[in-house]
Amino acid sequence: VDFLPPDRLRIPSFADPKANNLALVAQSGARFVSFLDKMPYVGFRWALLVGNSYQLDVGDGLELAAADPNVKVVSTYIEGFAPGAGRRFFTAVESCVRSGKTVVVQKAGKTFRGAEAARSHTASMGGSYQVFRAAMRQVNAIAAETDEDFIDICGMVSLLADRPPQGNRLFVINSAGYEGVLVADAAASGGLELPPPSRMRKPETIIEKRLQYLRGTIDAHNNPADAGPMTPDEGYVEVTEAALN
């Protein structure tokens, strides 16, 4: 992507790439630029952009990631496969997961029109998305359904790599009541539980942190936790930290 004019390419200044835990393997150079634009708060340890995979393909990048002990999260964007490359990709994803890494995959070319576009872009075969999703589920990789999901999931698992989410218990903090209602509906539909702070391991910590900012104006014992518009940014950080702990 070095052919882009400087005003079209904004690269955040990450202090030290070696401090990052996220690797990107993409079948598109522009995908890297898009990542930098949309996720300035998360840095890459390294990125491998394989374009139309004339010499290297996504499977090569995943094998590198599997062998890198400093990579905790592997994000990959793929449009399709050359003949025989699908099995190698699957095996490389399996190697990454087996070595303790989280793999987040965005597969483009899911529809007939998308597959046609992929053929003209990277000359690759889109294949059946249902088969692809089933294969990713089999090796415990995360298949992101939308562009927003891909960006958000990669950011979340990178930032929480040292304490990955486990189980189905969710703590929600929101600044307006309607947000909590919508999230509670979505969580219940997805099979997630929203336990009140009293059922958490250190309930007094979460409740005390909330009371410190709410000053008794809103009930501090609920989940979703309505923070109200009076809570400053640091209040969200402290309450979330208490919940994570």
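**Exercise 1. The chain as a whole**

Among contacts in the chain between residues at least 6 apart in sequence, what percentage join residues at least 24 apart?

*Solution.* The model examined here is a predicted one. Within the set of contacts named in the task, 68% join residues at least 24 apart. As a next step, take the inventory of the chain, which has 9 helices and 7 strands. Finally, consider burial: of the 245 residues in the chain, buried residues make up 40%.

**Exercise 2. The order of the sheet**

Work out in which order the 5 strands of the open sheet are arranged, and which of them are the edge strands.

*Solution.* Reading across the open sheet, the order is β2-β1-β3-β4-β5, and the pairing is parallel. The edge strands are β2, covering 46-49, and β5, covering 142-144, since each of these pairs on one side only. From one strand to the next, the twist averages 15°. A helix can then be placed against this sheet: helix α3, made of residues 85-98, lies across β3 (73-78) and β4 (102-107), and it runs at about 150° to β4.

**Exercise 3. Strand β1 and its neighbours**

Describe how strand β1 pairs with β2 and with β3, and decide whether the residues of β1 are buried or exposed.

*Solution.* Begin with the pairing on one side, where strand β1 (residues 22-26) and β2 pair in the parallel sense over 4 bridges. With β3, the pairing of β1 is also in the parallel sense, over 5 bridges. Val25 can serve as a point of reference for both pairings: in β2 it stands opposite Leu48, while in β3 the bridge partner of Val25 is Thr76.

Now turn to the side chains. In a regular strand, side chains alternate between the two faces of the sheet. In β1, Leu22, Leu24 and Ala26 point one way, whereas Ala23 and Val25 point the other way, and all are buried. Because 5 of the 5 residues of β1 are buried, this strand is largely enclosed by the rest of the structure.

**Exercise 4. A buried arginine**

Locate Arg45, find which side chain of opposite charge is nearest to it, and establish which backbone oxygens its side chain approaches.

*Solution.* The location comes first: Arg45 sits in the loop between α1 (29-38) and β2. Arg45 is buried and yet has no salt bridge, for the nearest side chain of opposite charge, that of Asp68, is 4.1 Å away. The cut-off matters at this step, because a salt bridge requires a side-chain nitrogen of Lys or Arg within 4 Å of a carboxyl oxygen of Asp or Glu.

The next step is to look at the backbone. The side chain of Arg45 reaches the backbone oxygen of Lys18 at 2.3 Å, and a polar atom of this side chain lies 3.3 Å from the backbone oxygen of Asn20. Leaving aside residues up to four places away in sequence, the residues that Arg45 touches include Pro17, Ala19, Leu22, Asn70 and Val71.

**Exercise 5. A network of charges**

A search of the whole structure finds 4 salt bridges; determine which residues are joined with Arg88 into one network.

*Solution.* Side chains of opposite charge can pair when their charged atoms come close. Take the partners of Arg88 one at a time. The side chains of Asp57 and Arg88 meet in a salt bridge at 2.8 Å, N to O. Since Asp57 lies in the loop between β2 and α2 (58-67) and Arg88 in helix α3, the pair ties together parts that are 31 residues apart in sequence.

Asp60 also forms a salt bridge with Arg88, with the closest N and O atoms 2.4 Å apart. This pair links distant parts of the chain, Asp60 being in helix α2 and Arg88 in helix α3, 28 residues apart. With Glu63, Arg88 forms a salt bridge in which the closest N and O atoms are 3.6 Å apart; Glu63 is in helix α2, 25 residues from Arg88.

Put together, salt bridges that share partners join Asp57, Asp60, Glu63 and Arg88 into one network. As a last step, compare accessibility: Asp57 counts as buried at 18%, Arg88 is partly exposed at 30%, and Glu63 counts as partly exposed at 39%.

Key. Residues numbered from 1 in each chain as written. Predicted model: local features only at pLDDT ≥ 70, side-chain atom pairs only at ≥ 80, totals over all residues. Heavy atoms only, no water. Pairing = 2+ DSSP bridges. Helix = DSSP H or I, 4+ residues; strand = E, 2+ residues; numbered from the N terminus. Axes fitted to C-alpha atoms, helices over the stretch in contact; angles between N-to-C directions. Contact = heavy atoms within 4.5 Å. Buried < 20%, exposed > 50% of the residue type's maximum accessible area, 1.4 Å probe, protein only. Lys, Arg positive; Asp, Glu negative; His and termini not counted. Polar contact = N/O pair within 3.5 Å; in protein donor to acceptor, adjacent residues only side chain to side chain.
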